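Biologist: I would like a close look at a single part of this model. Please take the ligand site and what surrounds it, then add a strand if there is room.

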Amino acid sequence: MAKKVIVLGGDGFCGWPTALHLSRHGYEIVIVDNLSRRKIDVDLGTNSLTPIASIETRIARWKKETGKEITFYNFDIAEEYHQLYSLISSFQPDSIIHFAEQRAAPYSMRDAKCKRYTVNNNLRATHNVLCAIAESQLDVHLVHLGTMGVYGYETTGITIPEGYLPVKVAKDDGTFVDFDILYPPGPGSVYHMTKTQDALFFYFYNKNNGIRITDLHQGNVWGTTTEETRLHEELINRFDYDGDYGTVLNRFLMQSAVGHPLTVYGTGGQTRPFIHIQDTVKCLRIAIENPPEHGERVKIFNQTTETYNVRNLAKKVSELTNAKIMYFRNPRVEAADNDFVVTREQFRALGLEPTTLSDGLLVEIAETAEKYKERCIMDKIICTSLWSQDQEVDAVGSELPVSA
Ligand code: NAD
Ligand code: USQ
């Protein structure tokens with residue numbers, strides 16, 4: 001019998017290609033999504049660079065292409081607890097994958113309304129999922145999409161472990177005791193703060209109710225297409241490029257295609273972890289196929305394949321496309337530069353073979369950024385969300401194209 005998976009947030013950038021990937025690999029998939037991400041695009045007056053079809057059209061197209069069924073429910077998991085509980089009790093999933101949170105750091109810092117929405121949505125969503133699994137008394141494995149940002153982006157001089165930090169503490173009698181503690185949280189935005197709080201919810205429900213939980217500390221996802229979304233244009237994944245939701249590498253790819261200078265904030269010395277969307281979906285399958293044992297603590301994986309600083313990323317894109325690089329006053333409050341060295345052994349050991357920037361950049365430029373550049377709303381490119389009120393966003397310098 002097919003294993004059953006509920007994909008919460010299955011209409012989103014990571015959720016949709018994951019749902020397709022698992023469906024192709026024989027899982028029975030139910031998607032829950034309140035389509036809030038599509039509504040936020042409307043509110044911000046922006047769009048996905050790619051022309052995403054409605055969820056109904058997407059699912060119908062998947063059936064035509066593969067013969068496989070995906071079921072969809074439209075409700076808000078942060079608000080409609082009883083619908084969530086009833087679905088879990090009746091469908092009896094083996095796993096639930098939880099993508100359904102507000103995920104943009106700049107959006108979470110725009111104003112009081114966005115800060116409060118992000119906290120209310122994300123924390124209530126995660127708590128409702130845990131509470132419903134506990135109430136159902138079913139043995140469900142919960143896989144959550146967390147972020148590498150929970151560790152913070154300050155230089156520490158240590159290699160960041162996968163979730164737990166071994167510490168030695170002096171006892172009152174002068175001897176030492178060893179602990180594994182959750183790595184100290186270092187959120188850099190209200191969005192990232194919700195993810196550090198999620199970790200405590202997981203700790204509690206794992207300890208108190210024995211729920212098996214995997215928390216994936218995922219890096220910055222780039223790219224758009226996967227083997228499954230490529231099957232038909234109606235299956236295409238979303239591509240965010242605007243100042244709030246566009247993540248840095250996809251923004252650079254779009255900017256180079258539309259002839260906009262690459263927008264590097266501050267010195268561009270921020271080092272960040274990256275992963276291609278094709279690897280995200282593979283990691284999700286690996287995670288649900290390797291659940292924690294009963295009684296095991298929350299399993300934490302670092303889900304990333306490469307680290308780059310933003311300035312070098314811009315240079316790499318500029319080398320390929322001849323784009324100009326423009327430095328902007330940083331709209332965020334973050335270190336001007338940082339080292340980021342991270343352990344990522346568990347996924348490697350389980351067989352993940354990464355798509356590197358060198359393999360994937362040109363494909364993304366040709367398949368997506370160039371192909372859909374006419375859809376770009378140019379005045380949505382510059383970020384207008386500021387981390388504190390005395391900041392400004394303006395260009396302060398530029399570099400000629402690397403190849404000029
Ligand atoms: P996304 O916004 O594209 O997708 C999230 C989906 O969840 C959307 O379709 C949205 O409509 C839905 N949703 C949000 N709140 C909901 C609610 N209360 N009830 C029902 N549906 C709801 O985001 P994404 O990029 O796919 O990210 C998915 C998850 O992965 C997020 O939790 C994010 O923090 C995490 N993540 C993303 C990245 C990245 O670079 N995109 C990196 C690391 C971690
Ligand atoms: N940056 C620029 N220019 C831009 C956009 C961003 O220099 O035009 C810089 C930012 O200042 C920051 C870095 O690039 O230092 C990354 O910014 P981002 O917007 O690409 O990513 P971030 O805000 O960190 O968030 C994204 C996802 C989030 C996820 C996180 C993973 O939106 O959901 O959790 O990446 S992680 O990088 O591990 O924190």
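Modeller: What follows covers the ligand shell, then one strand. Keep in mind that this is a predicted model.

Start with the shell. Ligand 1 is surrounded by 28 residues. Cys14, Asp33, Asn121, Tyr191 and Lys195 are the closest. Sorted by class, the shell holds 11 nonpolar, nine polar and eight charged residues. Several elements contribute at least two residues each. They are helix H2 (36-44), strand S5 (141-147), helix H7 (190-209) and strand S9 (220-222).

Now the backbone contacts. Isoleucine 77 places a polar backbone atom 3.0 Å from a nitrogen atom of ligand 1. Oxygen atoms of the ligand are also met by backbone. For valine 221, a backbone N or O atom lies 2.9 Å from an oxygen atom of ligand 1. For phenylalanine 99, the distance from a backbone N or O atom to an oxygen atom of ligand 1 is 3.5 Å. How much of ligand 1 does the protein bury? The ligand exposes 830 Å² when taken alone, and the protein buries 97% of that.

Next, the strand. S12 spans residues 299-303 and is mostly covered, with five of its five residues buried. In a regular strand, side chains alternate between the two faces of the sheet. In S12, Lys299, Phe301 and Gln303 point one way. Ile300 and Asn302 point the other way. Both sets are buried. S12 pairs with strand S8 (residues 212-218) in the parallel sense, over five bridges. Within that pairing, aspartate 215 has isoleucine 300 of S12 as its bridge partner.

How values were computed
Residues numbered from 1 in each chain as written. Chains lettered and ligands numbered in written order. Predicted model: local features only at pLDDT ≥ 70, side-chain atom pairs only at ≥ 80, totals over all residues. Heavy atoms only, no water. Buried < 20%, exposed > 50% of the residue type's maximum accessible area, 1.4 Å probe, protein only. Helix = DSSP H or I, 4+ residues; strand = E, 2+ residues; numbered from the N terminus. Pairing = 2+ DSSP bridges. Near = heavy atom within 4 Å. Polar contact = N/O pair within 3.5 Å; in protein donor to acceptor, adjacent residues only side chain to side chain. Areas by Shrake-Rupley, 256 points an atom, 1.4 Å probe, with all protein chains shown as cover. Nonpolar A, V, L, I, M, F, W, Y, C, P; charged D, E, K, R; others polar.
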